[in-house]
Amino acid sequence: MNIAIIGKGKVGSALGARLASAGHKVVYGSRAPEDHAGTVSQAESVQGAEVVVTAVPGTAVVPTLEAIGEDVLADRIVLDVSAAFTPDMALAYPNDSVARRVQARFPRARVVKSLNTMNYTIMVDPLASLSQATVFVSGDSQDAKATVKELLADLGWTTKSILDLGGVESATATEHLAPLFFSTYAALQTMRFNITISR
Ligand SMILES: NC(=O)c1ccc[n+]([C@@H]2O[C@H](COP(=O)([O-])OP(=O)(O)OC[C@H]3O[C@@H](n4cnc5c(N)ncnc54)[C@H](OP(=O)(O)O)[C@@H]3O)[C@@H](O)[C@H]2O)c1
């Protein structure tokens with residue numbers, strides 16, 4: 001599968017390396033490709049991509065996709081892994097989510113929220129370090145979610161660990177787990193954990 005990853009930071013690099021090793025063609029998009037080896041412009045990265053991963057600050061996702069263009073994004077799967085904070089690390093959208101805002105702004109794109117409730121090391125290493133784990137999936141398109149679930153399997157997530165919460169509006173629930181994530185980090189002094197649903 002052709003995958004564009006916007007943002008070659010911690011998350012983008014980790015996901016890209018693992019997905020490339022699983023056989024996918026990964027292209028990284030950057031605001032300044034001349035300064036970041038192995039990247040092209042954000043607009044160039046999405047050419048021919050079936051899946052566009054938004055690995056940029058949550059508050060930058062909509063402006064970034066607006067610069068790429070609504071027509072370019074039509075029918076693409078947008079896998080939004082972002083978290084959105086104010087400068088003092090409060091939730092940027094206390095009554096909303098990045099994913100829902102992206103879906104509303106780009107109705108022809110197929111937005112799926114996932115992987116946003118864990119550290120980037122766990123995103124690509126869910127089973128080696130954890131006896132059980134949960135990765136949430138939210139999105140309106142069943143086809144898009146099926147594709148994302150295949151990518152999650154390539155990242156190491158078992159079928160049992162994938163919890164489909166329903167439509168894109170459910171992304172608000174997982175984006176709002178961020179305070180729990182950071183409180184747990186403060187208590188444990190490590191990010192090597194996963195927020196898991198026991199059942
Ligand atoms: N780190 C984690 O463990 C983790 C876990 C869950 C969710 N997330 C979320 O995943 C996203 C990426 O996180 P990350 O840790 O990979 O961040 P990062 O290491 O800081 O990388 C973010 C990348 O976004 C790009 N970018 C594009 N527009 C930007 C803007 N307006 N301001 C700053 N950077 C911009 C930058 O690439 P260019 O400069 O090349 O454009 C940068 O490399 C964020 O939304 C974060 O909240 C992170």
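Me: Contact means that heavy atoms lie within 4.5 Å of each other. This is a predicted model, in which local features need pLDDT of at least 70, side-chain atom pairs count only at pLDDT 80 or more, and totals for chains, interfaces and linings use all residues. Residues are numbered from 1 along each chain as its sequence is written, and side-chain values use heavy atoms, with hydrogens and water left out. Which residues does threonine 174 touch, not counting residues up to four places away in sequence?

Reply: Threonine 174 belongs to helix H8, residues 171-175. Helices (H or I, at least four residues) and strands (E, at least two) are DSSP runs numbered from the N terminus. Once residues up to four places away in sequence are set aside, threonine 174 touches Lys113, Asn116, Thr117, Phe136 and Leu165.

Me: Is threonine 174 buried or exposed?

Reply: Buried means under 20% relative accessible area, exposed means over 50%, and partly exposed lies in between (1.4 Å probe, protein chains only). The relative accessible area of threonine 174 is 4%, so threonine 174 is buried.

Me: With which side chain does the side chain of threonine 174 make a polar contact?

Reply: A polar contact is a pair of N or O atoms within 3.5 Å; within protein, one must be able to donate a hydrogen and the other to accept it, and residues adjacent in sequence count only if both atoms are side-chain atoms. At 3.2 Å, the partner of the threonine 174 side chain is the side chain of asparagine 116.

Me: Lysine 113 is touched by threonine 174. With which side chain does lysine 113 make a polar contact of 2.8 Å?

Reply: Lysine 113 sits in strand E6, residues 110-114, and counts as buried because its relative accessibility is 1%. One polar contact, of 2.7 Å, joins its side chain to that of aspartate 80. The polar contact of 2.8 Å is made with the side chain of glutamate 175.

Me: Which element gives the largest share of the largest nonpolar core?

Reply: A nonpolar core is a set of buried Ala, Val, Leu, Ile, Met, Phe, Trp, Tyr and Cys residues joined through side-chain atoms within 4.5 Å. The largest has 30 residues, and those touching the most other members include Ile5, Leu15 and Trp157. Among the elements that give two or more residues are strand E1 (2-6), helix H1 (10-21) and helix H7 (142-155). The largest share, five residues, comes from H7.

Me: How many residues are in the second, separate core?

Reply: This second core is separate from the one just described, and its members include Ala4, Val52, Val62 and Val102. Its number of residues is 22.

Me: How much of the exposed area of the ligand does the protein bury?

Reply: The ligand is surrounded by 20 residues (each with a heavy atom within 4 Å of it), and an oxygen atom of the ligand is 2.8 Å from an N or O atom in the side chain of arginine 31. Another listed distance is 3.1 Å, from an oxygen atom of the ligand to an N or O atom in the side chain of asparagine 119. Accessible areas come from the Shrake-Rupley method with a 1.4 Å probe; for residues, only the protein chains shown count as cover. Taken alone the ligand exposes 880 Å², and the protein buries 75%.

Me: How far apart in space are threonine 158 and leucine 127, C-alpha to C-alpha?

Reply: Threonine 158 lies in the loop between H7 and strand E8 (162-166), and counts as partly exposed because its relative accessibility is 34%. In sequence, threonine 158 and leucine 127 are 31 residues apart. In space, their C-alpha distance is 8.4 Å.
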